[in-house]
Amino acid sequence: MRTIPFEKIRDTVARLCVEANCILGDDVISAFKKGLEMEESPTGKEILRQLLENQEIARKEMMPICQDTGWAVVWVEIGSGVRVEGGELYDAIQEGVAKGYTEGYLRKSIVSDPLRRKNTGNNTPAIIYTDIVPGDKLKIVVQPKGGGSENMSEVRMLSAADGAFGIKRFVIDRVERSQANPCPPVIVGVGIGGTFEKCAMLAKKALLREIGSTHPDPFYAEMEKELLDEINKLGIGPQGLGGRVTALAVFIEAFPCHIATMPCAVNINCHAQRHKTAIL
Amino acid sequence: MGEIKSVRTPLTDEVVKSLRAGDAVEITGLIYTARDLAHKRLTESLQKGENLPFNIMGAVIYYVGPSPAKPGRVIGSCGPTTSYRMDVYTPSLLAAGLKGMIGKGNRSPEVIEALKRYCGVYFAAVGGAAALLAQRVRAARVVAYDDLGPEALQELEVENFPVIVVNDCYGADLYKEGVRRYKREG
């Protein structure tokens, strides 16, 4: 049994919150540069140039890339041989999010009740997903998720007979209806299978993939490519003002399915696909 | 992008009429931040016949909830939030004298109609370009609704704040026209 101190987890989560919000991943930066070569619209090109300049300023000044520093979605893989010393794992994560958002001058965007809407003041609670895995390591991924793109996301209970065609039609339609709202160029996370809530979680998990990576299953890799091509024919373009680069990537996560169902979820991410990982 | 037009706030009818969908514009002067809850309060004040906490005549409202300012800075990151949530409040604000709005994303047919009727303009700033936009803000002070935190009403002094005209006072819509231009069938 390996022990990890509560404070170490808390401080790591706090650091990841700040870094994820201020330092854009190299994969996303490369995708902007590639998009700039592909884009035909002069307005679209100017927007991509602004996004590249923006991430440079954010990195240099340690300022958030976007003022919407999001929900803190935290993915944890805890080895079965790990014990947290000095407190509970979930408390360490929640305290880490509060510390990171407060000390890092990140925006607090969470209200304690959906109808009464009083800000919690420290961006908690975080959304936490935990997997128990073999070993004695603790892996933490912090994924800040903005509200504008989250609002353009959807779960639909398709029928098994709708097949791959039905899935593709739903995904493309969801992106087309979103237009400028989720801050294109977007990254599209797609969850297929599982239950109603499982497929939504998979769609969010898909957004952790590195841009440029391909699905390990050639069937889904091909579907991702087809979806990306179709989405980029929509003409929505950077910020929805018209252009070729509507999406930077489409990522699919599939899961076993009940014989009577075919749930599908689309979780849209804005161009600032943010996540940072630490392994303790 | 063609030539960049410079405008100064408060906006006049003459300036609004000179702007066309697709124009790149840089705004200099005072603008006011307001988003969901601030809009609700402003509209309630108008309905009750109360004075608004800022002069709305010729004003430009920016839909933004900035990140907190670090010590020594005037503002944190401050890119636009999605505009459609403010659509329900906008026509009455335009009727009261508002001339311009900065946000991102499509507006309702009612807002587009009100822009024609009251001679107003809707600009888009680049969503997410929040660190870059913060560099164009010279000063910021809370004017009202301090209790709303990131949603408080603030007066920002901006210099060469970069935006694009989406909906002009003639009914044009760059979102529709731009997408139509680049859409590929099949």
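**Exercise 1.** In what order do the four strands of the open sheet in chain A stand, and which are the edge strands?

*Solution.* Work across the sheet of this predicted model. The four strands follow the order β4-β2-β5-β10 in chain A, and the sheet is open with mixed pairing. Next, look for strands that pair on one side only: these are β4 (127–133) and β10 (276–279) of chain A. Finally, check the twist. Neighbouring strands are turned by 15° against each other on average, direction ignored.

**Exercise 2.** Do strands β5 and β10 of chain A pair in the parallel or antiparallel sense?

*Solution.* Start at β5 (residues 138–145) of chain A. Its pairing with β10(A) is antiparallel, over four bridges. Then pick out one position: A:Lys139 stands opposite A:Ile279 in β10(A). Now add the helices. Helix α1 (residues 6–22) of chain A lies across β5 and β10, at about 40° to β5(A). Helix α4 (residues 89–103) of chain A touches β2 (71–79), β4 and β5, and its direction makes about 145° with that of β2(A).

**Exercise 3.** How many residues does each chain bring to the contact, and how many salt bridges cross the interface of chain A and chain B?

*Solution.* Count residues: chain A gives 45 and chain B gives 45. Take the area: about 3700 Å² is buried between the chains, 56% of it on carbon and sulfur atoms. In chain A, the most area is lost by A:Gln67, A:Tyr105 and A:Leu241, together 19% of what that side buries. Then apply the salt-bridge cut-off of 4 Å. Three salt bridges are found. One joins B:Arg73 to A:Glu61, with the closest N and O atoms 2.3 Å apart. Last, helix α3 (residues 42–61) of chain A supplies the largest share of the side of chain A that touches chain B, eleven residues.

Technical notes. Residues are numbered from 1 along each chain as its sequence is written. Chains are lettered from A and ligands numbered from 1 in the order in which they are written. This is a predicted model: local features need pLDDT of at least 70, side-chain atom pairs count only at pLDDT 80 or more; totals for chains, interfaces and linings use all residues. Side-chain values use heavy atoms; hydrogens and water are left out. Two strands pair if DSSP finds at least two bridges between them. Helices (H or I, at least four residues) and strands (E, at least two) are DSSP runs, numbered from the N terminus. Axes are lines fitted to C-alpha atoms, for helices over the stretch in contact, and angles run from 0 to 180 degrees between N-to-C directions. Contact means heavy atoms within 4.5 Å. Buried area is the accessible area (1.4 Å probe) that two parts lose on being put together, summed over both. A salt bridge is a side-chain nitrogen of Lys or Arg within 4 Å of a carboxyl oxygen of Asp or Glu.
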